[in-house]
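Colleague: Got a minute to go over the aromatic contacts in this one? Put it up on the screen and I'll ask as we go.

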Amino acid sequence: MQTIEWKALPRKKTVKSELKNYRKKGYLPAEIYGKGHPNISVYITKKSLLSRPHGNFLIKLIIEGDPEPKLCILKDIQYSYLGDEPIHVDLYEVTQGVELDIEVPVEFVGKVKGVEKGGIFEAHLHSILVRTTPKNIPEKIVIDVSDLDLGDVFHVRDIKAPEGVKIMTHPDEVVAVVSEPEVEEVSAEEGEGATA
């Protein structure tokens, strides 16, 4: 999985004026936490957040004044009330070799056989929960749906997990279905009305 490098500045939690000044300079407040790690408050640049890659990735976080970089994953982004402006970031510090649970996006590939017969492809899950070590976190889980025919259901148990990855989402959960095309029924009365 891809590892990107972000630089961060230490942050004092209490000073509101400081927060305002840093926001003007293009920084965002971020909180780092993790199992067995102390909580740390920092600033990261808004630019680095907006230029992040798609899917999952690891962050090598270099905090000014701290000789040891932190290895993190992006846990959450809080947005302004309009939903367009990031205002706060949560980072989860991981430890190499120690397993963690993480949501991995699902990507569907292939021409669905059932859709070519007039069916409708419906994705029910867009991510699944997996348990793995940081180095084995998949960027995404790719599912080939080309063999799905009319009425077919693809379950979590049908996913082939990459090596070193255990799927934690319930095996009976539906990932995708190909539903039969809806046939419009015309009642006799409606038929008569159309000819009148």
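**Rings and charges**

Modeller: Here it is, a predicted model. The charged end of Arg-11 sits over the ring of Tyr-43, 5.9 Å from the ring's centre.

Colleague: Is Tyr-43 buried or exposed?

Modeller: Tyr-43 counts as buried, because its relative accessibility is 1% and the cut-off for buried is under 20%.

Colleague: Which aromatic cluster does Tyr-43 belong to?

Modeller: Tyr-43 forms one cluster with Tyr-22 and Tyr-27.

Colleague: OK, pairs now. How many aromatic pairs are there?

Modeller: The count is 5 aromatic pairs. One of them is Tyr-27 with Tyr-43, edge-to-face, at 6.5 Å centre to centre and 70° between the planes.

Colleague: Where do those two sit in the chain?

Modeller: Tyr-27 is in strand β2 (residues 27-34) and Tyr-43 in strand β3 (residues 37-45). They are 16 residues apart, so the pair links distant parts of the chain.

Colleague: And how accessible is Tyr-27?

Modeller: Tyr-27 has 21% relative accessibility, so it counts as partly exposed.

Colleague: Switching to the phenylalanines. What is the geometry of Phe-108 and Phe-121?

Modeller: Phe-108 and Phe-121 pair edge-to-face, 5.3 Å centre to centre, with 75° between the planes. Phe-108 lies in strand β7 and Phe-121 in strand β8, so the pair ties together parts 13 residues apart in sequence.

Colleague: Buried or partly exposed, those two?

Modeller: Phe-108 counts as partly exposed at 23% relative accessibility. Phe-121 counts as partly exposed at 26%.

Colleague: Last one. Which ring does the charged end of Lys-75 sit over?

Modeller: That is the ring of Tyr-92, with the charged end of Lys-75 5.4 Å from its centre.

Note on methods: Residues numbered from 1 in each chain as written. Predicted model: local features only at pLDDT ≥ 70, side-chain atom pairs only at ≥ 80, totals over all residues. Heavy atoms only, no water. Phe/Tyr/Trp six-rings, centres within 6.5 Å; stacked < 30°, edge-to-face > 60°. Helix = DSSP H or I, 4+ residues; strand = E, 2+ residues; numbered from the N terminus. Buried < 20%, exposed > 50% of the residue type's maximum accessible area, 1.4 Å probe, protein only. Lys NZ or Arg CZ within 6 Å of the ring centre and 35° of its normal.
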